[in-house]
Amino acid sequence: MAGPYACMLLGDLGADVIKIEPPRTGDQTRGAMGFKMKGPDSLGFLNMNRNKRSVVLDLKSAAGRSVLLRLVKEADILIENYRPGAMKRLGLGYEVLKEVNPRLVYTSISGFGQTGPWADRPGFDLMAQAMSGVMSVTGYPNSPPVKAGVPVADIGCALFAVYGTLSAYIGAKTTGQGQYVDAALFDSAMAFSVWDICDYWGTGKPPEPLGTANKMTAPYQAMASSDGWFVMGANNQKLWVQLCTLMGREELLQDERFSTIALRLANRQALQEELEATFKQKPKDYWVDTLLANGIPAGPILSYPEAFGSEHGKARQMRMEIDHPKEGKVPNIGFAVKLSGTPQQVRRHPPLLGEHTHEVLAELGIGEDEREHLMASGAFGA
């Protein structure tokens, strides 16, 4: 997921992204998910591959590799998402390709990076979450292991890879020299650990899961009301005083257990019980509206359909539809960042497998006769 997602972000920003896929099956996510669309591609694939052109090449063949080298000669960036060493074994490692194009930015995305004792391991988001510490702080105390509900290592790695790749690209524009970018799901997941690891470094006590609560301040978590749950945060002394006054619970301001943030953290369970005794007297919507009206952060807990269907989700254009030759209108997640001067655009539908092979070959100056020779030599598979 990390490689395709990173390349889609670059495509959204205007890059000409050529997706190199193996013959017959293509990107394995084309066949992912447990339900079928009208065409052969999964909805997950369709949400990670807009603004790309698809070229089929068999990189295990000399002919396929020769085409890739011609592409590399003209490219600014190459991003690969194989296990470490796979591209080198194909004769397509960075040391080889930088001789073809010295200004090339070559980005490798893998589970555990290109160096270190775990580098050769296969790695998906689940392994990265487990081995980076993320799962150790996710869920509730004394519960079975729980992963984050969204693929934080995959998406996080995609974002860090784009940040590193674009930084190197800017440098190459100035110096004419590219560089190698090593992005790992493991490293990316660990980079999110700011509060947790600082808590450990400062106290010597490994952090533990807290459910929806926060280790830095309280109350800052989900609370039960008369008809369900909502989230709120009175996470500084001013907001704490406002909350107690608003709830008619001024006696809590005199309770020694809750007089400072440190004491509220130490007595978090008792604090939750005291607050929920009042919150459970009225429904969640009442509390969200009342808290917000008084300057205290709060919000409902929405499902994905509710979030995407909300007035705010619509206003932020977080769902859009893309025309597709097989599917008709395809829903896609909207752009997460809005740019005023150079807004992202959907210029291309998620490509069919090999849809642009002939088009890209023609741009390389490969005519029909040479294309037939390449085909006979196995460049595009058997």
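A residue is called buried here when its relative accessible area is under 20% and exposed when that area is over 50%, with partly exposed in between. The tour below applies these terms to a predicted model.

**Overall division**

Begin by colouring the two domains separately. Domain 1 covers 1–193 + 308–377, and domain 2 covers 220–302. With the C-alpha atoms of each domain used to place its centre, the two centres are 43 Å apart.

**The β9–β10 hairpin**

Next, select residues 319–324, which make up strand β9, and display the side chains. Which of them point to the buried face? Met320, Ile322 and His324 do, and these three are buried. Arg319, Glu321 and Asp323 point to the other face and are not buried, so that the side chains alternate along the strand.

Extend the selection to residues 328–333, strand β10, which runs antiparallel to β9 and is joined to it by six bridges. The two strands form a hairpin, with three residues between them. To check the register, pick Arg319 in β9: the residue opposite is Ile333 in β10.

**The α6–α7 crossing**

Now move to helix α6 (residues 125–132) and helix α7 (residues 152–175). Two packed helices are described by the angle between their axes and the distance between the axes. For this pair, the axes come within 7 Å and cross at roughly 95 degrees. Angles of 65 to 115 degrees count as roughly perpendicular, and α6 and α7 therefore stand roughly perpendicular to each other. To view the interface, show Asp125, Ala128 and Gln129 on the α6 side, which meet Val152, Ala153 and Asp154 on the α7 side.

**Met216 and its surroundings**

Select Met216, located in the loop that links α9 (194–203) and β6 (220–224). Is this residue buried, partly exposed or exposed? Its relative accessibility is 39%, and Met216 therefore counts as partly exposed. Beyond its neighbours within four places in sequence, Met216 is in contact with Trp195, Ile261 and Leu265. For a long-range distance, add Arg65: the C-alpha atoms of Met216 and Arg65 are 53 Å apart in space, and the two residues are 151 positions apart in sequence.

**Cysteines**

Finally, display Cys198 and Cys244. Cys198 has 41% relative accessibility and so counts as partly exposed, whereas Cys244, at 1%, counts as buried. A disulfide is a covalent bond between the sulfur atoms of two cysteines. How many disulfides does the model contain? With a pair of cysteine sulfur atoms required to lie within 2.5 Å, the count is zero.

Key. Residues are numbered from 1 along each chain as its sequence is written. This is a predicted model: local features need pLDDT of at least 70, side-chain atom pairs count only at pLDDT 80 or more; totals for chains, interfaces and linings use all residues. Side-chain values use heavy atoms; hydrogens and water are left out. Buried means under 20% relative accessible area, exposed over 50%, partly exposed in between (1.4 Å probe, protein chains only). Helices (H or I, at least four residues) and strands (E, at least two) are DSSP runs, numbered from the N terminus. Two strands pair if DSSP finds at least two bridges between them. Domain bounds come from an automatic or database domain assignment. Axes are lines fitted to C-alpha atoms, for helices over the stretch in contact, and angles run from 0 to 180 degrees between N-to-C directions. Angles under 35 degrees count as roughly parallel, over 145 as roughly antiparallel, 65 to 115 as roughly perpendicular and the rest as oblique. Contact means heavy atoms within 4.5 Å.
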